[in-house]
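Reader: Hello! I would like a close look at a single part of this protein, with some sense of how that part sits in the rest of the chain. Could you walk me through it in one go?

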Amino acid sequence: MKSDLFSSEYLAEPATAPGMTLQNPKSIKYAVSGEMYARQGSMIAFRGNLQFERKGQGIGGLLKRAVTGEGLPLMAVRGQGEVWFAQEAANCFIVELDQGDALTINGRNVLCFDPTLSYEIRTVKGAGMAGGGLFNSLFTGYGKLGVICEGNPIVIPVTAQAPVYVDTDAVVGWSAQLGTSLHRSQSVGSMIRGGSGEAVQLMLQGEGFVIIRPSEATPAEH
């Protein structure tokens with residue numbers, strides 16, 4: 001049988017080392033040798049001797065809660081084998097964290113991560129009245145984090161001289177050292193939302209970066 005479908009571009013080669021790699025722009029492959037964690041429902045294929053366990057409680061002290069603030073439960077994957085993850089054909093990215101790094105990611109954008117990373121659910125400061133992104137996941141430690149984004153992400157540098165204001169529904173994540181607060185603007189609400197309601201943006205201050213997606217959350221994501 002012959003087809004471009006069977007070209008090396010699409011072929012899943014056996015893993016040469018344990019851990020996370022990008023299978024293609026829409027999928028992450030993880031060669032499991034022990035344990036790792038992923039978003040429930042994101043597994044699209046696996047091979048080998050692997051067990052998948054839903055976690056209703058914290059995982060061995062690693063997690064304070066087993067669901068993110070966006071209500072996305074996690075699962076532990078244990079054993080020896082390979083597993084592929086994806087989420088509605090969203091773009092996939094791998095972020096490598098070193099000791100001392102800290103990244104805040106919206107729960108809806110977490111796909112999978114190494115067990116060496118520490119994970120904590122935090123409420124965004126002052127965001128109790130905002131529409132989205134109320135809870136975010138703080139990742140620290142050493143390891144890889146698989147992140148998903150609907151559309152191509154935009155990374156905006158944040159400097160002390162130029163704070164950045166982002167829609168809470170569009171934000172993916174930001175440097176954890178940045179300060180956060182809510183900014184309310186009647187005029188922006190009138191122009192962007194098409195009404196007279198009060199618009200709320202997340203203001204990020206300090207030195208770092210913020211990642212946003214080129215769309216707002218749909219009702220099904222809340």
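Author: Happy to. A residue counts as buried when its relative accessible area is under 20%, and as exposed when it is over 50%. Please keep in mind that this is a predicted model.

Let us start with Q87, which sits in the loop between strand 4 (74-85) and strand 5 (91-97). Its relative accessibility is 16%, so Q87 falls on the buried side of that cut-off. Leaving aside residues up to four places away in sequence, Q87 touches R39, G41, S42, L111 and I148. With R39 there is also a polar contact, side chain to side chain, at 3.4 Å.

The next residues along are worth a look too. E88 belongs to the loop between strand 4 and strand 5, but at 74% relative accessibility it is above the 50% limit and therefore counts as exposed. Its backbone may catch your eye: phi of E88 is near 50°, a positive value in a residue that is not glycine. A89 lies in the loop between strand 4 and strand 5 as well, and A89, also not a glycine, has a positive phi of about 60°.

Now step back into strand 4, which leads to this loop. Side chains of opposite charge can pair when their charged atoms come close. A search of the whole structure gives five salt bridges. In one of them E82 pairs with K29, with 3.6 Å between the closest N and O atoms. Because E82 is in strand 4 and K29 in strand 2 (residues 27-39), this pair ties together parts that are 53 residues apart in sequence. Both E82 and K29 are buried. The pairing does not stand alone, as K29, R47 and E82 are linked in a network of salt bridges.

Strand 4 has another such link. R78 and E53 form a salt bridge through their side chains, at 2.5 Å from N to O. Since R78 lies in strand 4 and E53 in strand 3 (residues 43-54), the pair ties together parts 25 residues apart in sequence. Here the setting is partly exposed: R78 has a relative accessibility of 25%, while E53 has a relative accessible area of 33%.

Elsewhere in the chain, R213 and E150 meet in a salt bridge at 2.8 Å, N to O. This one links distant parts, 63 residues apart: R213 is in the segment after strand 16 (208-212), and E150 is in the loop between strand 10 (143-149) and strand 11 (154-158). R213 is buried at 2% relative accessibility, whereas E150 is partly exposed at 25%.

Strand 4 also has a share in the nonpolar packing. The largest nonpolar core has 17 residues, and I105, V110, F113, L117, Y119, F139 and L145 touch the most other members. Strand 4, strand 6 (102-106), strand 7 (110-113), strand 8 (117-123) and strand 10 each supply at least two residues of this core. Another core, of 16 residues, lies apart from it and includes M20, M36, L50 and V83.

Last, a word on confidence. The average pLDDT of the protein is 83, and 77% of the residues score at least 70. Two stretches stay under 50: residues 57-71, with 37 contacts beyond four places in sequence, and residues 129-133, with 14 such contacts. Where pLDDT is low, the predicted coordinates should not be read in detail.

How values were computed:
Residues are numbered from 1 along each chain as its sequence is written. This is a predicted model: local features need pLDDT of at least 70, side-chain atom pairs count only at pLDDT 80 or more; totals for chains, interfaces and linings use all residues. Side-chain values use heavy atoms; hydrogens and water are left out. Helices (H or I, at least four residues) and strands (E, at least two) are DSSP runs, numbered from the N terminus. Buried means under 20% relative accessible area, exposed over 50%, partly exposed in between (1.4 Å probe, protein chains only). A polar contact is a pair of N or O atoms within 3.5 Å; within protein, one must be able to donate a hydrogen and the other to accept it, and residues adjacent in sequence count only if both atoms are side-chain atoms. Contact means heavy atoms within 4.5 Å. A salt bridge is a side-chain nitrogen of Lys or Arg within 4 Å of a carboxyl oxygen of Asp or Glu. pLDDT is the predictor's confidence in each residue, from 0 to 100. A nonpolar core is a set of buried Ala, Val, Leu, Ile, Met, Phe, Trp, Tyr and Cys residues joined through side-chain atoms within 4.5 Å.
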